[in-house]
Amino acid sequence: MPLSDKMLKELMTTFQAELQEHLGTLNNGLLSLERNPAPEQRASVLSEIFRAAHSIKGAARAVNLKDIETIAHRVEDFLASIRKGDVSLTPQHFDTLLTTVDAINTAMSFHLRSEQMPAELMAAILARLDDKASSSSACVPSDPTSFSAKPNAAPPLELFREQPQIGPRSIQADETIRVRTAKLDALMDGLGELLVMQMRTEKLVGQMKTLQERTIHWQKNWRKARPHYNRLRRHSPKVDATDLAALFGFLESNEQEIKALSTEHNALMARVTNDRNYLQLVTEDLQNGIRRVRMLPIATLFDLSPRMIRDLGHALSKDIVLEVQGQETELDRQALELLKDPLTHLLRNAVDHGIEPPEERLALGKPRHGTIRLCAEQRGTSLVLTVSDNGRGINLDAVRRSATERGLVPSEKVADLSEREVVDLIFYSGLSTAGQTTDLSGRGVGMDVVRKNLEQMHGSIEVETKPNLGTTFVMVLPLTLTTSQVLLVRVAGETVGLPMMNVDRIVHVSVTKVGSIEGHPAIHAEGRLLPLVSLTYLLNLSEVEQPLPVDAKIPVVILSMAEKHIALRVGGFLSTQQVVVKPLGSQLRRVRNVAGTAILGDGQLVTILNISDLMKSIDAKSMTSFTQPIATKQPRRWRILLVDDSITTRTLEKHILENAGYEVLTAADGQEAWESIRQKEKGLPDLVVSDINMPRMDGFVLTQSVKGDSRYAHVPMILVTSLDSPQDRLHGMEAGADAYIIKSTFDQRELLETIERLIR
Amino acid sequence: MMQQKQPRAQKAVLAKPQDVRGILEERARLLARQPEKKAVSGETLEVLTFHLGTEYIGIPTEQVHEVQPLSKHHWSRVPCAPGFIVGIVNLRSRIYSIMDLAVFWGLPPRPPSDKSHILLVRADQANDQQEIELTLLTDDLDKVCHLRANDLNAAPPTISAKVQSHLKGVTSDMMMVLDLESILSDPHIIVREGD
């Protein structure tokens with residue numbers, strides 16, 4: 001019976017899904033057989049893959065795909081003979097069978113393109129299958145678009161690799177269904193409406209509570225009037241008895257009615273509150289449930305790895321064992337997609353560069369086989385994904401060399417880089433330390449993409465490497481991509497959101513504490529002077545920033561992204577919230593500075609900003625567009641008194657402090673410093689930084705003198721010295737020093753941060 | 001408090017109660033006249049008319065999926081978006097952009113008022129293979145008219161070529177009838193300002 005086109009199309013889709021699942025079973029079954037399991041397990045795996053081949057044969061026949069049917073048939077026959085014991089499996093057989101599995105996939109791709117797999121290709125596959133006894137490595141041409149058969153070289157690694165990867169194993173095939181992501185997203189939207197309804201119910205409950213207050217108020221009034229009522233009743237005044245009786249009757253029934261009303265109202269309140277609570281529970285559950293439907297076990301990602309590692313290992317003649325842990329951990333679908341490439345790259349690197357060839361390993365006293373471990377773990381609201389190997393470790397010298405060769409780091413600076421900084425260099429594009437780029441990796445474009453993908457998911461990646469012990473990559477990602485935490489701020493009368501992951505700090509900066517860089521407002525933060533940029537200006541929201549009174553405090557958000565910091569002036573802080581960041585609709589594909597919008601609980605829309613764009617905008621334009629002089633008197637600079645007997649040290653420190661925006665006075669010893677303080681001609685310094693070992697008066701005595709005098713005791717004193725012993729520290733503290741910094745661990749940041757902290 | 005959801009089939013023209021009566025009466029009148037009209041000139045085009053700045057505009061009702069008063073919904077501006085984007089609106093938890101055609105055509109922007117409405121329109125973009133949905137801002141809602149084919153004239157030369165390409169034609173009372181397919185397939189309405 002001829003099938004209608006529509007029927008055929010639907011059948012094809014179903015067949016494709018079924019095919020992927022069976023191919024997955026075959027793939028995993030073969031891999032597990034290869035590892036030589038116990039006899040009972042072996043028998044069951046064999047049955048499983050036999051059934052899979054059989055099913056493929058039958059299904060292919062149903063949709064009239066003869067080539068797939070034929071291949072599946074041959075595989076089925078072969079597996080049958082193995083089950084019977086007529087043939088025993090050799091390593092070459094595994095290669096053959098696995099590549100045949102790939103071949104079926106290739107055949108399917110041809111069909112999807114409405115083409116037919118070329119006859120030569122088909123013949124080659126069948127020949128290989130029939131040729132089981134011999135160990136010919138006659139290669140089947142790899143990609144379907146070019147049929148130049150490769151000469152007898154190492155088995156092509158990209159064999160059938162262009163095709164869509166073999167699908168994930170179906171854990172319980174009959175218990176799962178495929179759902180389009182768009183449908184799930186629509187469900188989430190509907191849920192949004194439910195939440196708005198919930199908020200309205202909340203409001204209703206609030207209003208009911210207010211009603212309750214009315215009855216209470218009534219009862220209070222009645223209690224006040226009651227004594228009068230009682231008196232009147234007892235001494236009925238000279239008025240019409242029936243009038244009085246009616247009135248009294250009314251008052252009494254009034255009281256009964258209100259009592260009844262109050263009781264019923266309370267009962268109703270209780271019921272409504274219950275319903276409200278239940279609604280909240282149900283909505284939350286539903287919300288979580290729908291969110292989790294988008295989540296898949298990470299096994300769907302990990303499943304691709306064993307095969308890849310095996311093939312790569314064989315190609316490079318390395319013996320590698322892959323250990324996988326945490327496959328059941330679930331992750332958002334989108335995140336899984338974005339992780340695919342980074343994971344592939346990291347695994348390839350581990351095989352290619354990390355694990356040494358077996359002879360080398362044995363010579364080093366390591367076990368012959370290298371181990372790569374893949375581990376997924378949920379920690380709180382994050383997923384931690386680890387890829388580690390016990391191979392060579394990253395060759396830091398090679399990285400250093402490559403960095404200077406490619407001009408990433410000038411050669412003088414390279415030696416100064418800490419180990420951590422050197423390791424970090426591998427994430428820069430264009431850096432490859434492989435001798436020659438192999439087919440697999442070493443093209444130098446991988447690691448930066450890895451980091452970029454992770455940042456796109458609001459995640460991060462860290463590396464740890466020890467020479468000869470191996471390398472570990474740790475990736476951290478949020479479990480759901482759909483929601484993120486944002487800080488809501490007011491800007492020019494509007495509310496906007498800033499992603500919390502980029503927010504370092506929020507501060508209220510007193511106007512008097514605002515310094516300047518080249519005439520533009522700047523504040524001290526992160527140990528240096530950051531230009532203070534107005535968010536209003538940055539977003540082109542208004543021409544004029546409101547002027548501030550002298551004693552006002554400016555709300556400032558310090559944002560950071562990949563080591564860069566900016567200080568943004570905003571109108572005010574509102575709150576932090578967990579929101580779903582949604583795109584702006586099909587007309588607004590990309591708007592500068594805007595990441596998307598979020599719908600708050602009450603339906604209000606809030607624009608969420610794109611921090612990367614903001615930073616670029618600041619870089620691109622000049623400071624004048626964004627910084628507006630705060631409309632008050634010009635603040636004076638902080639004054640620091642620097643005391644040290646070494647002229648070199650004095651010059652160096654003065655330079656550092658002046659660069660940070662301070663005014664610096666110097667003294668060559670404690671006595672000079674003390675006299676300068678007592679003179680007060682130029683006014684008291686705001687802070688003193690002093691060495692300890694000095695002639696005439698040392699740092700300890702200076703500190704004691706300053707702190708001992710009530711006129712100067714408020715001036716912060718920082719002792720900077722090379723004396724690092726507990727007694728000296730104690731001595732310094734006892735003298736009254738506010739901070740004690742050791743010169744040997746002395747670096748700019750610590751000093752500047754301490755000053756920033758203490759200066760008032 | 002809870003908004004009654006009008007069935008789609010009703011071609012939901014959600015206007016104020018006092019307007020509804022007027023619209024219905026007009027419709028009844030026109031429907032009553034229709035057979036006679038059909039005999040005369042063939043096809044009629046039903047348009048919803050409104051003001052936008054200084055312009056009087058008609059949009060074929062067939063192409064309008066929804067009409068909503070702007071003040072009844074949560075909407076916000078979008079910083080750094082081009083001037084013809086008034087902002088974005090939340091309609092039943094779906095986000096749509098709000099476009100001011102007048103600004104797109106080069107006229108100065110005006111702030112929305114409480115009479116402002118938004119018209120939800122939709123089209124498939126053949127080249128992109130993606131559906132585009134957006135809302136068009138109106139300053140108010142006027143009435144529903146029926147136009148005959150010969151009511152539409154070519155636009156006078158005072159109207160720029162760009163605007164003309166967005167119109168099906170202009171009536172004798174200077175009502176500009178929109179060609180929605182043309183507007184929605186104009187690549188310049190898409191905002192792609194990024195890297």
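In this predicted model, Leu588 of chain A stands opposite Val191 of chain B, a residue of strand β12(B). Two bridges join β17(A) to β12(B), which covers residues 191–192 of chain B, and the two strands run parallel.

The strand pair sits beside a broader description of the contact between the chains. Chain A contributes 26 residues to the contact and chain B contributes 29 residues. On the side of chain A that touches chain B, two or more residues each come from α6 (181–234), β17 (588–590), β18 (594–599) and β19 (605–609) of chain A. The residues on that side of chain A divide into nine nonpolar, ten polar and seven charged.

Chain B also holds an open sheet of five strands, in the order β9-β1-β2-β11-β10, with mixed pairing. Its edge strands are β9 (144–148) and β10 (167–170) of chain B, each of which pairs on one side only. From one strand to the next, the twist averages 35°. At the β10 edge, three bridges join β10(B) to β11(B), residues 175–178, and these strands run antiparallel. Within this pairing, Leu167(B) stands opposite Leu178(B) of β11(B).

In general, strands of a sheet pair through backbone hydrogen bonds, in either a parallel or an antiparallel manner. The two strand pairs described here are listed below.

| Strand pair | Bridges | Direction | Residues opposite |
|---|---|---|---|
| β17(A) and β12(B) | two bridges | parallel | Leu588(A) and Val191(B) |
| β10(B) and β11(B) | three bridges | antiparallel | Leu167(B) and Leu178(B) |

Conventions:
Residues are numbered from 1 along each chain as its sequence is written. Chains are lettered from A and ligands numbered from 1 in the order in which they are written. This is a predicted model: local features need pLDDT of at least 70, side-chain atom pairs count only at pLDDT 80 or more; totals for chains, interfaces and linings use all residues. Two strands pair if DSSP finds at least two bridges between them. Helices (H or I, at least four residues) and strands (E, at least two) are DSSP runs, numbered from the N terminus. Axes are lines fitted to C-alpha atoms, for helices over the stretch in contact, and angles run from 0 to 180 degrees between N-to-C directions. Two residues are in contact if their C-beta atoms, placed from the backbone, lie within 7 Å. Ala, Val, Leu, Ile, Met, Phe, Trp, Tyr, Cys and Pro count as nonpolar, Asp, Glu, Lys and Arg as charged, and the others, Gly among them, as polar.
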